[in-house]
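Welcome! Take a moment to look over the sequence and the model, and then let us walk through some of the details together.

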Amino acid sequence: MNSSLTTRTLQQGTAIPAHPLALTSARKLDERRQRALSRYYIASGVGGLAVGVHTTQFEIREPGIDLFQPVLELAAEEMNRADKTRVAPLLRIAGICGETSQATREAAIARDAGYHFGLLSLSALKSVDENKLINHCKAVSEIMPVFGFYLQPDVGGRLLPYSFWRRFCEIENVAAIKMAPFNRYHTLDVIRAVIESGREDIALYTGNDDNIVLDLITPFRFQVEGKLIERRIVGGLLGHWAVWTQKAVEILKKCQHVAASETAIPLSILHRNTEVTDCNAVLFDVANCYQGCIPGIHEILRRQGLLEGIWCLNPKENLSPGQAAEIDRIYQAYPHLNDDTFVAEHLDDWLSG
């Protein structure tokens with residue numbers, strides 16, 4: 001790994017889709033389409049992949065399924081292939097879950113598979129105190145660099161106050177934080193903690209699917225010892241970016257250009273924020289408390305031909321009533337946000353070999 005190039009990519013900001021899981025109708029790993037998904041994202045211009053995360057389905061870790069290591073390795077093979085012709089290597093982020101014994105074991109698997117960072121979910125530690133949370137994070141960080149993760153409680157996360165994030169920033173091997181509380185107050189807690197820690201090397205990434213575009217163009221400023229310090233959210237690590245990814249990369253680049261220009265924010269960008277949020281509400285099935293969030297992503301990929309079906313490891317996970325019709329609606333309302341033409345042009349290549 002070229003650590004300096006990897007660090008530069010992370011800190012400059014890039015698009016990182018959360019990688020879905022391709023299954024056959026028998027709910028077994030579809031290796032051909034799993035590889036095709038990785039190839040699609042890489043061809044779309046992303047700067048890395050997040051694998052073994054919520055969008056990959058937490059059930060991959062269950063005994064009898066045992067897909068955590070195989071899906072990490074498949075994605076790593078495709079990134080190895082792509083890196084042969086790239087200047088900067090693709091960022092490799094592995095989802096890390098469970099209590100400390102499981103989390104450290106998963107981190108070791110990810111490290112050995114060539115992953116750069118562990119996206120650390122704290123969902124399994126909902127009842128422990130702050131000291132134990134910090135010790136847990138430190139234990140994982142001793143194995144590989146950590147990508148902090150504030151996951152909203154509605155989909156399994158827990159409330160993490162400013163005091164936690166301030167202490168989290170003191171862990172030397174923290175490289176970045178993904179903020180996905182879907183809550184302005186909680187997002188500000190994280191950013192203020194990073195600024196007040198003095199850590200300029202911790203990259204900020206949005207996971208706030210309800211506010212993606214605005215997160216990427218907003219300057220965040222806080223007073224520290226009488227000095228005004230500003231930080232930006234530089235990129236996104238998002239399940240939303242697992243679909244229509246080529247367009248997502250274009251949106252990120254536009255947001256970065258606007259942020260760098262230090263000029264008035266164009267109304268077109270504000271309109272785009274509303275459009276993206278509307279699409280996300282449909283894909284993530286907000287109307288039904290996110291019950292169809294993974295099948296919603298799968299449905300777009302199925303329509304494009306990247307997936308054969310929308311099957312999940314949990315047979316109960318399916319589109320909610322009316323969700324397919326809502327997907328029809330956003331396709332009609334926002335044709336400029338889909339990348340169907342791009343996918344159609346390259347699908348055969350991605351599915352071959």
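## Cysteines

Let us begin with one residue in this predicted model. Cys169 has a relative accessibility of 2%, so Cys169 counts as buried, since the cut-off for buried is under 20%. Cys169 takes part in no disulfide: the nearest cysteine sulfur belongs to Cys137 and lies 11 Å away.

Cys279 can be read in a similar way. Its relative accessibility is 1%, so Cys279 counts as buried. Cys279 is in no disulfide either, and the nearest cysteine sulfur, that of Cys255, is 14 Å away. How many disulfides does the structure hold? The count is zero.

## The sheet

Now let us turn to the strands. Eight of them form an open sheet with parallel pairing, and their order is S1-S10-S7-S6-S5-S4-S3-S2. At the edges you will find strand S1 (15-17) and strand S2 (48-51), each of which pairs on one side only. On average, neighbouring strands of this sheet are turned by 25° against each other, direction ignored.

For a closer view, pick strand S3 (residues 91-96) and strand S4 (residues 117-120): they run parallel and are joined by four bridges. Within this pair, Ile93 stands opposite Phe117 in S4.

## A helix on the sheet

Helix H1 (residues 3-12) packs on the sheet. The strands that H1 touches are S3, S4, strand S5 (146-151), strand S6 (174-180) and strand S7 (203-206). The direction of H1 makes about 55° with that of S7.

Technical notes
Residues are numbered from 1 along each chain as its sequence is written. This is a predicted model: local features need pLDDT of at least 70, side-chain atom pairs count only at pLDDT 80 or more; totals for chains, interfaces and linings use all residues. Side-chain values use heavy atoms; hydrogens and water are left out. Two strands pair if DSSP finds at least two bridges between them. Helices (H or I, at least four residues) and strands (E, at least two) are DSSP runs, numbered from the N terminus. Axes are lines fitted to C-alpha atoms, for helices over the stretch in contact, and angles run from 0 to 180 degrees between N-to-C directions. Contact means heavy atoms within 4.5 Å. A disulfide is a pair of cysteine sulfur atoms within 2.5 Å. Buried means under 20% relative accessible area, exposed over 50%, partly exposed in between (1.4 Å probe, protein chains only).
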